[in-house]
Amino acid sequence: MAIDRSRLDGLLKTERETHRTRTERSRTAFDAADHLFGRVPMTWMNKWSGGYPLYLATAHGNRVTDLDGHEYVDFALGDTGAMAGHSPAATVAAVNRRLGELGGITTMMPTEDAEWVAADLTRRFGLPLWSFSLTATDANRWALRVARMVTGRPMVMAFSYCYHGSVDETFVITGADGGTAPRGGNVGPAVPVSQTTRVAEFNDLASVEAGLARGDVAVVIMEPALTNIGIVLPEPGFLEGVRELCTRYGTLLLIDETHTISAGPGGCTAAWNLRPDIFVIGKSIGGGIPSGAYGITEQVAQAVRDHPEADLVDVGGVGGTLAGNALSTAAMRATLGEVLTDANFDHMINLATRFREGVEAVLDQYQVPWSIAQLGARAEYRFCAPAPRTGTESAAAHDDELEEYLHLYLSNRGVLITPFHNMALMCPETSAADVDLHSGLFDEAVAQIV
Ligand SMILES: Cc1ncc(COP(=O)(O)O)c(C=O)c1O
């Protein structure tokens with residue numbers, strides 16, 4: 001059934017008005033934020049629907065409250081940063097102990113937690129050697145430098161509409177001529193992206209091979225499923241094909257599982273037996289305390305050690321003065337050891353399946369031409385059917401109006417999904433009743449626009 005656009009327009013106006021009247025204290029705080037660029041502490045916070053963000057009062061488990069005292073079931077979960085739930089008890093206890101009892105938030109000295117965390121990352125993802133950062137962006141930046149150094153090659157391959165943090169090399173789309181084009185909106189890249197990057201399309205091995213065959217690509221950086229332009233799942237054989245092509249053309253494979261750890265305790269890498277040369281993760285592993293990590297194989301490590309120019313202790317190894325600090329490593333140890341456990345993943349994945357089935361039932365009932373994809377504990381609907389196969393196809397399905405209507409319909413009734421497109425993530429405290437609340441509201445929202 002087609003969407004009734006004029007009805008959608010009218011309903012959107014009503015939802016905006018409801019949002020304005022029920023979140024007055026957030027709006028007042030936003031209007032008073034004269035010294036913040038964009039009126040927010042980080043400019044992407046303006047992505048929330050309704051013209052201004054809800055202001056946070058409290059957050060525990062999968063519940064947040066705003067300044068006006070409304071409680072929300074939170075499926076946004078800090079866009080994965082809070083996948084372990086808000087302020088998980090084990091993480092809070094470890095952080096409190098470090099902060100208060102032991103002291104030493106950052107000291108330039110290692111703690112024994114770091115080796116525990118690295119060993120756990122090896123157990124989960126397989127790579128033997130790890131370093132830490134405070135963000136996944138920084139981990140990716142460092143990893144690209146290592147890859148360029150050990151291969152002696154200048155170029156990076158990235159997929160159209162990928163996102164790996166604010167990493168200049170990765171802001172690419174496929175241009176009209178099929179070549180690398182800059183993704184609109186990047187701020188101040190040092191050089192045109194066509195000088196650093198070959199673009200490929202997800203699920204299109206021919207485009208990967210065309211880019212690698214010239215022999216100058218150091219590394220393919222990829223998520224095993226795209227998650228930042230909706231979810232685009234890999235087709236059978238695609239990831240194995242990328243691995244084979246990387247090996248054939250002497251290119252390293254960097255798998256970034258910052259979001260796709262939703263697939264299970266060892267992310268897609270364990271679930272699908274991937275074999276990256278470099279691995280990056282961030283966000284969730286510290287329970288929200290800034291944390292990131294990059295893993296490398298012994299071969300990559302040896303190539304770095306052998307490289308005559310590599311000064312890892314001073315210039316070349318600097319991933320941030322605060323990287324690997326005692327607070328961050330304590331948070332990672334507690335979160336990985338006690339919260340992102342196999343049992344909790346089972347619970348979260350079951351609920352995401354329930355979420356997907358709830359949405360599918362509504363799409364079937366109203367014959368709406370949308371799709372929903374699930375990757376373990378996360379699920380996301382997209383305004384096209386069948387589900388997109390590439391980033392470019394997924395980008396074409398974007399619809400601002402529909403997105404704002406659905407987001408406001410949900411938030412006005414106590415449910416948050418991520419402000420970036422339509423992602424819902426489960427955490428250990430999410431319940432079946434929370435998922436069913438979303439399914440019911442989604443049904444009501446869709447019923448009114450078809
Ligand atoms: C796949 C992926 N990599 C890296 C990042 C960057 O993470 P951060 O913003 O914590 O640096 C993101 C952020 O969304 C991401 O989705």
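In this predicted model, the side chain of T137 reaches towards the ligand, with one of its N or O atoms 2.5 Å from an oxygen atom of the ligand. A second oxygen contact involves N228, where a polar side-chain atom lies 2.9 Å from an oxygen atom of the ligand. The ligand also has a nitrogen atom that takes part: this nitrogen is 2.6 Å from an N or O atom in the side chain of D256. On its own, the ligand has 390 Å² of accessible area, and the protein covers 86% of that.

The residues around the ligand can be viewed as a shell with 13 members. T137, N228 and D256 are among those that come nearest, and H259 and K283 complete that group. Which helix supplies the largest share of the shell? Helix α5, which spans residues 136-151, does so with three residues. Sorted by chemical class, the shell contains eight polar residues, three charged ones and two nonpolar ones.

Attention now turns from the ligand to the empty spaces inside the protein. When the whole structure is searched for cavities of 30 Å³ or more, two are found. The largest of them has a volume of about 110 Å³. Its lining includes H19, W48, S49, P53 and L54 from the earlier part of the numbering, together with H407, L408, S411, L416, I417 and P419. Helix α13, residues 400-411, provides the largest share of this lining, namely three residues. What classes of residue make up the lining of the largest cavity? Seven residues are nonpolar and four are polar, while charged residues are absent.

The second largest cavity has a volume of about 40 Å³. Around this space stand G230, I231, S371, I372, A373, E380, Y381, R382, A387 and P388. Two strands, β13 (371-375) and β14 (378-382), are the elements that each give two or more residues to this lining. By class, the lining of the second largest cavity holds six nonpolar, two polar and two charged residues.

Seen side by side, the three surroundings are easy to tell apart by their residue classes. The shell around the ligand has eight polar residues and two nonpolar ones. The lining of the largest cavity has seven nonpolar residues and no charged ones, whereas the lining of the second largest cavity has two charged residues beside its six nonpolar ones.

Notes
Residues numbered from 1 in each chain as written. Predicted model: local features only at pLDDT ≥ 70, side-chain atom pairs only at ≥ 80, totals over all residues. Heavy atoms only, no water. Near = heavy atom within 4 Å. Polar contact = N/O pair within 3.5 Å; in protein donor to acceptor, adjacent residues only side chain to side chain. Areas by Shrake-Rupley, 256 points an atom, 1.4 Å probe, with all protein chains shown as cover. Helix = DSSP H or I, 4+ residues; strand = E, 2+ residues; numbered from the N terminus. Nonpolar A, V, L, I, M, F, W, Y, C, P; charged D, E, K, R; others polar. 1 Å grid on protein atoms, 1.4 Å probe; cavity = no way out; pocket = protein on both sides within 12 Å on 5 of 7 lines; lining within 4 Å. Points joined across faces, edges and corners; volume = space filled by probe spheres on them.
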